[in-house]
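Reader: I am new to this structure and would like to go through it slowly. Could you show it to me before I begin to ask?

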Amino acid sequence: LQNAELGKRAPRWIRDNEVTMCMKCKEPFNALTRRRHHCRACGHVVCWKCSDYKAHLEYDGNKLNKVCKDCYHVIIGCTDSEEKKKKGILEIESAEVSGNSVICSFLQYMEKSKPWQKAWCVIPKQEALVLYMYGAPQDVKALATIPLLGYTVDDAPRSADLPHSFKLTQSKSVHSFAADNEELKQKWLKVIHLAVKGETPECQNE
């Protein structure tokens, strides 16, 4: 929702399983300590610290509702210039880059000898040579970024790998990925083969 509409219309609630961290302070949720709360104004999933605010919401008959810090400041009309600080490279929101990306999808990811894990992978249009990895599609901070230029692509999976896997290697760093099917793997490879040579890939999201 745009700022002017906050509190006037019911928001779309982001589902709990679409995030792995608080959408405001980026604190990871875990089973024990991080209960998930929804801001009643913007619908974002936030941790208890970031949901400790209340504001009167027009769409709910002006009743007091739990809101996040950002919405609280907007609704009561004070701005927080601190929040306008430049976002760091990892702090670009996944939804922001996914909506304007060359390609994005879930891939399995493995680093060195760690177990495979599912990651939401995105190559944004404005940085078509960088692969961003998020825990989930609505996360507000990337877990890692891989600048693809100069990597070697190895697309022949070994028997221990998942069937539709490929590797990116550069001196000592090796990143393994696996797609759910061969078609998706080929889409990613098409983009990555260009990116490692420094060429801007065509959009694959159509």
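The questions and answers below go from the whole chain to single residues.

Author: This is a predicted model, in which local features need pLDDT of at least 70 and side-chain atom pairs count only at pLDDT 80 or more, while totals for chains, interfaces and linings use all residues. Residues are numbered from 1 along each chain as its sequence is written, and side-chain values use heavy atoms, with hydrogens and water left out.

Reader: How many helices and strands does the chain have?

Author: Helices (H or I, at least four residues) and strands (E, at least two) are taken as DSSP runs and numbered from the N terminus. Along the sequence these elements follow the pattern β-β-β-β-α-α-β-β-β-β-β-β-β-α. The totals for the chain are three helices and eleven strands.

Reader: What share of the residues of the chain counts as buried?

Author: A residue is called buried under 20% relative accessible area, exposed over 50% and partly exposed in between, with a 1.4 Å probe and protein chains only. The C-alpha atoms fill a box of roughly 60 × 35 × 30 Å along the principal axes. Of the 206 residues in the chain, the buried share is 40%.

Reader: Which residues does UniProt list for "domain: PH"?

Author: The record is an unreviewed entry, and such annotations may be inferred rather than shown by experiment, with feature names shortened and positions given in the numbering used here. In the model the listed span is 14% helix and 44% strand, and its end C-alpha atoms lie 22 Å apart. For "domain: PH", UniProt lists residues 100–197.

Reader: How are the rings of Phe106 and Trp120 arranged in their aromatic pair?

Author: Rings of Phe, Tyr and Trp (its six-membered ring) pair if their centres lie within 6.5 Å, and planes under 30 degrees apart count as stacked, over 60 as edge-to-face and the rest as tilted. By this rule the count comes to five aromatic pairs. For Phe106 and Trp120 the centres are 5.0 Å apart and the planes 70 degrees apart, which makes the pair edge-to-face.

Reader: Why does this pair tie together separate parts of the chain?

Author: Phe106 counts as partly exposed at 28% relative accessibility, whereas Trp120 counts as buried at 14%. Phe106 lies in strand 5 (residues 101–111) and Trp120 in strand 6 (residues 117–124), so the pair ties together parts whose separation in sequence is 14 residues.

Reader: Which residue forms one aromatic cluster with Phe166 and Phe177?

Author: Phe166 and Phe177 form a stacked pair, with 5.6 Å from centre to centre and 25 degrees between the planes. This pair links distant parts of the chain, with Phe166 in strand 10 (residues 165–170) and Phe177 in strand 11 (residues 173–178), eleven residues apart. Phe166 and Phe177 are both buried, and the residue that forms one aromatic cluster with them is Tyr109.

Reader: Is Ser171 buried or exposed?

Author: Ser171 has its place in the loop between strand 10 and strand 11. Its phi is near 40 degrees, a positive value in a residue other than glycine. With a relative accessible area of 79%, Ser171 is exposed.

Reader: How far apart in space are the C-alpha atoms of Lys26 and Val140?

Author: Lys26 lies in the segment before strand 1 (37–38), has a positive phi near 70 degrees, and counts as partly exposed at 22% relative accessibility. Not counting residues up to four places away in sequence, Lys26 touches Met21, Glu91, Val140 and Lys141, where contact means heavy atoms within 4.5 Å. Lys26 and Val140 are 114 residues apart in sequence, and their C-alpha atoms are separated in space by 6.8 Å.

Reader: What separates the C-alpha atoms of Ile92 and Asp139?

Author: Ile92 is found in the loop between helix 1 (69–76) and helix 2 (94–98) and is buried, with a relative accessible area of 16%. Leaving aside its neighbours within four places in sequence, Ile92 is in contact with Val97, Glu127, Tyr132, Tyr134 and Val140. Asp139 is 47 residues from Ile92 along the chain, and the C-alpha separation is 9.3 Å.

Reader: Where is Val191 found?

Author: Val191 is buried, with a relative accessible area of 1%. From Gln170, Val191 is 21 residues away in sequence and 18 Å away in space, C-alpha to C-alpha. The element in which Val191 is found covers residues 182–195 and is helix 3.
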